[in-house]
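Okay, thanks for squeezing me in, everyone. I'd like to walk you through some empty spaces and a few contacts, so let's get the picture up.

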Amino acid sequence: MPSDKLAEVAATTDVERIEAPITWKAYLMCAFAAFGGIYFGYDSGYINGVKSMPYFIHQQTGLPYPPEGASDEESAYFVLESWRDSLITSILSAGTFFGAIIAGDLADFIGRRLTIISGCGVFMVGVILQTASTGLGLLVAGRLVAGFGVGFVSAIIILYMSECSPRKIRGAVVAGYQFAITIGLLLAACVDYATQDRPDTGSYRIPIAIQMLWALILGAGIAYLPESPRYFVKRGKLDNAATVLARLRGQPIESDYVQHELAEIVANHEYELSVVPQGSYWSSWTNCFKGSLFKSSSNLRRTILGTSMQMMQQWTGVNFIFYFGTSFFTQLGTISNPFFISLITTLVNVLSTPISFWTIERFGRRPLLIWGALGMLICEFLVAIMGTADGQNPATVRAMISFICIYIFFFASTWGPGAWVVIGEIFPLPIRSRGVALSTSSNWLWNC
């Protein structure tokens with residue numbers, strides 16, 4: 001379709017008519033893009049169980065296995081040193097931090113889709129290194145490389161879904177990404193539970209190697225999905241934008257629905273360019289920090305909001321449960337099967353997240369985040385009080401686990417998906433890829 005014809009399209013005043021009716025095709029395409037959450041969640045979750053596997057501890061530290069029937073006191077020494085534990089866990093976040101920032105540039109240069117595919121390729125290289133490792137050095141190097149790939153995908157998959165999904169269901173679709181993360185965490189817990197007692201390298205190599213499957217599925221599948229129409233508008237390729245939009249909405253390219261939505265995207269982009277003109281490479285980054293902190297529409301305010309939202313999501317403390325939960329439950333000394341308890345907490349996470357699909361559209365983003373934060377605050381105080389006052393009592397420990405599960409419910413149904421939805425919506429198109437990249441890198445910075 002010639003671009004000059006597109007220019008003649010006028011925006012409609014009927015807001016309900018701007019978007020085409022939502023089809024199952026739109027749901028399925030966005031749902032597959034959300035599959036990136038499984039890739040992200042599994043990689044974040046498998047290390048929790050691996051670090052507590054007897055064979056892995058023995059291989060990494062050289063410590064002898066505790067004797068059969070050893071008491072809790074006799075087994076207490078058989079753990080990874082704290083520095084080794086922290087290094088193995090946090091090195092991934094170092095890679096993801098820089099990967100997310102680099103992805104912001106790549107997404108504007110080569111497109112959202114190719115950036116995601118590139119991330120899958122980099123991630124697979126990191127997985128191969130981890131699978132081949134028998135010592136700390138190669139394992140850490142592999143997690144660092146894999147982190148760059150996770151950074152690419154975690155930053156741009158949100159951007160891609162936000163730009164492709166229909167406005168009416170955008171919040172629910174992006175919340176589906178968080179749901180996929182919880183499924184990834186659950187799959188990791190299940191695999192760890194199944195391999196924990198293997199007396200060979202398969203105990204940790206199987207959970208690590210399975211990650212390649214998720215990267216292959218995501219990379220191959222995303223290759224068949226269309227590029228973001230907003231990326232083509234940003235590059236001035238309006239013909240391509242119209243073709244992609246027609247495919248996404250399941251309408252003919254000449255449809256009023258397609259042309260009205262495209263006209264709206266173009267008009268918004270032109271307005272945003274008039275407010276913040278594009279310049280050199282460095283100015284495209286500095287544009288993220290222009291404007292007044294006290295003006296709600298300024299880019300600076302949006303960037304601070306996006307990065308702060310992701311920082312606060314990490315500061316809720318939920319990663320302690322999913323990164324160190326198995327080790328924590330082991331050290332309590334009153335739980336016979338810490339792997340099973342970790343599996344339960346992960347299952348609560350999975351079952352609670354779908355609630356947000358409805359609530360985030362019904363009640364809005366802000367009220368959901370406020371009530372979620374209040375619920376988590378109460379649960380954390382109760383767990384802290386019980387652990388301090390009577391932490392060695394098995395009945396108290398069971399009560400603590402119950403409130404930890406309630407705490408996870410509040411996180412999974414509010415702040416878990418809510419923070420991702422907000423960063424996908426608040427940035428104008430000229431700085432969107434970099435704004436989302438900065439916000440995601442903030443997530444990984446505070447994830448360490």
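One bit of vocabulary before anything else: a cavity here is a set of grid points where a 1.4 Å probe fits but cannot get out, and a residue counts as lining when it has an atom within 4 Å of a point. Also keep in mind that what you see is a predicted model.

So, how many cavities of 30 Å³ or more are there? The count comes to three. Let's start with the largest cavity, which has a volume of about 200 Å³. Its lining is made of 17 residues, and the ones closest to the centre are Phe40, Gln178, Ile181, Gln314 and Asn319. Plenty of helices chip in: α3, α9, α16, α17, α21 and α22 each supply at least two residues of that lining. Which helix gives the most to the largest cavity? That would be α17, with four residues. As for chemistry, the lining of the largest cavity has nine nonpolar residues, eight polar ones and no charged ones.

On to the second largest cavity, with about 110 Å³ of space. Among its lining residues are Gly45, Asn48, Leu185, Asp192, Tyr193, Phe322 and Thr346. The helices giving two or more residues to this lining are α3, α9, α17 and α18. Here the largest share, four residues, comes from α9. Split by class, the second largest cavity is lined by five nonpolar, six polar and one charged residues.

Now for a pocket, meaning a space that is open. The second largest pocket has a volume of about 350 Å³. It is lined by 20 residues, and closest to its centre sit Arg170, Arg230, Asn268, Glu425 and Arg432. Helices α8, α14 and α21 each give two or more residues to that lining. Which element gives the most to the second largest pocket? It's α14, with six residues. Have a look at the classes, too: the pocket lining divides into five nonpolar, four polar and 11 charged residues. Compare that with the largest cavity, where the lining has no charged residues.

Next, let's see how two helices sit against each other. Find α8 and α9 on the screen: they pack at an angle of about 155°, with their axes 9 Å apart. Are they roughly parallel or roughly antiparallel? An angle over 145 degrees counts as roughly antiparallel, so α8 and α9 are roughly antiparallel to each other. The way α8 passes α9 is a right-handed crossing. On the α8 side, the contact is made by Ser154, Ile157, Ile158, Met161 and Ser162, and on the α9 side by Arg170, Val173, Val174 and Tyr177. You've met Arg170 already, as one of the residues closest to the centre of the second largest pocket. By class, this contact has six nonpolar, two polar and one charged residues.

Last stop: Val348, which is found in helix α18. You may remember α18 from the lining of the second largest cavity. What does Val348 touch, leaving aside its neighbours within four places in sequence? Its contacts are Cys405, Ile408 and Phe409. Take Phe409: along the chain, Val348 and Phe409 are 61 residues apart, yet their C-alpha atoms are separated by 6.6 Å.

That's my tour, thanks for listening!

Technical notes:
Residues are numbered from 1 along each chain as its sequence is written. This is a predicted model: local features need pLDDT of at least 70, side-chain atom pairs count only at pLDDT 80 or more; totals for chains, interfaces and linings use all residues. Side-chain values use heavy atoms; hydrogens and water are left out. On a 1 Å grid over the protein atoms alone, a cavity is a set of points where a 1.4 Å probe fits but cannot get out, and a pocket is an open set with protein on both sides within 12 Å along at least five of seven lines; lining residues have an atom within 4 Å of a point. Grid points are joined across faces, edges and corners, and a volume is the space filled by probe spheres set on the points. Ala, Val, Leu, Ile, Met, Phe, Trp, Tyr, Cys and Pro count as nonpolar, Asp, Glu, Lys and Arg as charged, and the others, Gly among them, as polar. Axes are lines fitted to C-alpha atoms, for helices over the stretch in contact, and angles run from 0 to 180 degrees between N-to-C directions. Angles under 35 degrees count as roughly parallel, over 145 as roughly antiparallel, 65 to 115 as roughly perpendicular and the rest as oblique. A crossing is left-handed if the near helix is turned anticlockwise from the far one by less than a right angle, and right-handed if clockwise. Contact means heavy atoms within 4.5 Å.
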